[in-house]
Amino acid sequence: MNNQLKTVWNVTKWEYTRFFKWIDLIKGTVFFLAFGLIGGVIGFWVASDTITTPDIAVHEYGDFSSENFQSSQFTFSDRSEDAMDVLLEELEAGDLDGILTIVSTDSATIRMKGERGWLTGLRQHLREQRTDLKLQEFDIDASVFAAIEDGMVLHTEFDRGSESSSADKWLAGIAIFLILMAVFMGFAYQFTAITGEKQQRITEQVISAISPQTWIDGKILGITGIGLTYVVYYGGLGLIGMVALINFTGAPFGQALVLINPGLLILFLLLSILGILMINSFFAGIAATIDDPNTSQKSALMMIPLYPVLFAFVAIFNADSTAIQILAVFPLTSYAILPVRLVMTQVPWWEPVVALVLLAATAWLFRVWAGKIFATGMMMYGKEPSLREMVHWFRRA
Amino acid sequence: MLKFKNVVKKFTKVRAVDDLSFEIKKGEIFALLGPNGAGKTSSVRMIMQIMEPDSGSITFGPSVMQGDKVNRSKLGYLPEERGLYQDAPIIKTLVYLSTLRGSDPAEAQKKANAWLDRFGILDRKAEKISTLSKGNQQKVQFIASILHEPEFAILDEPFSGFDPINQELISDIIRELRDGGMTILLSAHQMQLIENIADRILMINNGKELISGTFDDIRNNTISDKKLIVTYDGDVKNELFQGSGDIRNSIMTAPGEWEIYFSENYSMNEVLKIMIAAGSVKTLKTSDVNLHEIFIESFRNGGRAHE
């Protein structure tokens, strides 16, 4: 390994170990699980205490009979003989949850102390009783009614060589989610690392030992490494959770894995890694221009890389629109949008190739640009470069 | 070791370094002095290749070069702007900064332990930097600048933040490093310490040289090697000091006490006549002029430091 690569590797290791600590991650997971467990127990207790079978007094039946009011969800009591005042007293005392008064098959009133969650169930029950009554009234056979209700099944066929499996679609969705996670990680750590170094006045010492480009290269790789580690860790945890869930429900997990296209998996990985490297280069360049993160207007620029990930969700609705086709090869958005197009529609072979080449070239360009900004921006204390200066450095890169 | 030739560095409104030239010889302690804003930090940053000169040249001796490029691992730097990774352990920080200068990690760890031991903080090596006092952080920063045993080290304000005992310790170490063959460029405001350890001195102001040479050279070439300390009983007609061609400057250091600096070709007889004419002399003695006084005197005569 030559000296420069060795130094980049040293910086990469330093930046990685500065922020990434297994023990913190494990502690975080344990806390997360512990709080999840506590939340679950409390939630279960609250729910079991709240959800009970409501006692409904039926004051008037209208066109229905008391036989229509048998349900496992409700305890209906026939109180048609009792005066309303008596029922209201019982409702007030909490002995009843509601008083149901049915006027006709089209109108009924329920009297309660306030809005209750079981109201939806009661509406459903009344609707079913009304349907049965109307079927009898119009002399319609239940099977005829069921046939009318069935509707039409619409089958989908796609004009493409092979259809992506549901597993591929899930994979694309998970890839976008994990990219989003890595983007947030990159945002947080680059911001902390670079503005922190500036504020702690570490810059001058390091920059006298190694070139700004070497330093920024190490930073980009180290922090990308942290993002990817978190992605792998939480992705792994998610996978374990999914396997546990599938085993619990008895679904064929092995068959689902076989459905994943290995070529697509590799392509998603390449797009994700290059995309995250490009974003972290962008973050590093911007962070180097920020003098005080509490007041700098440039902090808002750090949000820009989130847009492509948001566009990817839009791409799901129409993956073949002209805008989405362009954004799928445009290097600033391709890493998030191309995975969606690949699973949602037919993509020509050259599209991933062009997207990958452009993305790799842009990641490299951003790296050089970040190095130029870093070289000047990190030594600027008390003032920040203007956007014009930053564009000038970008053009020089 | 270093030739700094006709170097100019301009910023938007300021000519920080203005056609400045000097040379540093191998194995010497060279002190760069000047008031705030004189151009010291800009000069140092150009030597350390943090910024480039607008014109002029900075060339290093062959022991620092690797082909036609400066070998940064042969340079050491204690910047004026101090800073360390506050959340990182001391030993880890030292080893990291040393490996950036090309050291082997195991070797750097061994040397770092030895230096920490010398500074009396070895038992705290695993602690985070933030747990150290400011003085101890300065020690770590100093170690970081010389741990990789550079050929040429720039120490900008190495005594700052230290108590007198540790200032002496740093002075001793700087001398030892010089005796071991290291070339050192020193910038500091503690004139007494500079006077004791610097082999040669360069004073600059407004980016230009004011005076340079050994301490003796400077003392001889500026305001004479002696001064007169006179105390008076009663009133002093100090206006008499101003009009004489034998007296270059006079400073009242206490009520009735005056320090008198001689002009280049002074006559002691004439000076004594003026002293007597000015009032009733109580005591009279001569004393050596120190670097602090030369520094103050030079800037009075050579120009005012800009902020």
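Helices are DSSP runs of H or I with at least four residues, numbered from the N terminus. The model is predicted: local features need pLDDT of at least 70 and side-chain atom pairs pLDDT 80 or more, while totals for chains, interfaces and linings use all residues. Residues are numbered from 1 along each chain as its sequence is written, chains are lettered from A in the order in which they are written, and side-chain values use heavy atoms, without hydrogens and water.

**Exercise 1.** Find the helix that holds Glu389(A), and classify the residue as buried, partly exposed or exposed.

Solution. Step one: Glu389(A) lies in helix H15 of chain A, residues 387-396. Step two: buried means under 20% relative accessible area, exposed over 50%, and partly exposed in between, with a 1.4 Å probe and protein chains only. Step three: the relative accessibility of Glu389(A) is 31%, so the residue is partly exposed. As a further check on position, the C-alpha atom of Glu389(A) is 9.1 Å from that of Ile373(A), 16 residues away along the chain.

**Exercise 2.** Classify Gln190(A) in the same way and list the residues that it touches.

Solution. Step one: Gln190(A) belongs to helix H6 of chain A, residues 166-199. Step two: its relative accessible area is 0%, therefore Gln190(A) is buried. Step three: contact means heavy atoms within 4.5 Å. Leaving out residues up to four places away in sequence, Gln190(A) touches Thr195(A), Lys219(A), Ile220(A), Ile223(A), Asn280(A), Phe283(A), Ala284(A) and Ala287(A).

**Exercise 3.** Test whether the span of helix H3 of chain B agrees with 1.5 Å a residue, then state what its buried residues pack against.

Solution. Step one: the expected span is 1.5 Å times one less than the number of residues. Step two: H3(B), residues 105-118, has 14 residues and should span 20 Å; its end C-alpha atoms are 20 Å apart, so the two values agree. Step three: Ala108(B), Ala112(B), Asn113(B), Trp115(B) and Leu116(B) are the buried residues of H3(B). These buried residues pack against helices H2 (90-100), H4 (134-146) and H5 (164-179) of chain B. Step four: after H3(B) comes Gly120(B), with a positive phi near 75 degrees.

**Exercise 4.** Give the domains of chain B and the distance between their C-alpha centres.

Solution. Step one: bounds come from an automatic or database domain assignment. Step two: in chain B, domain 1 is 2-219 and domain 2 is 224-288. Step three: the C-alpha centres of domain 1 and domain 2 of chain B lie 40 Å apart.

Definitions and conventions:
Helices (H or I, at least four residues) and strands (E, at least two) are DSSP runs, numbered from the N terminus.
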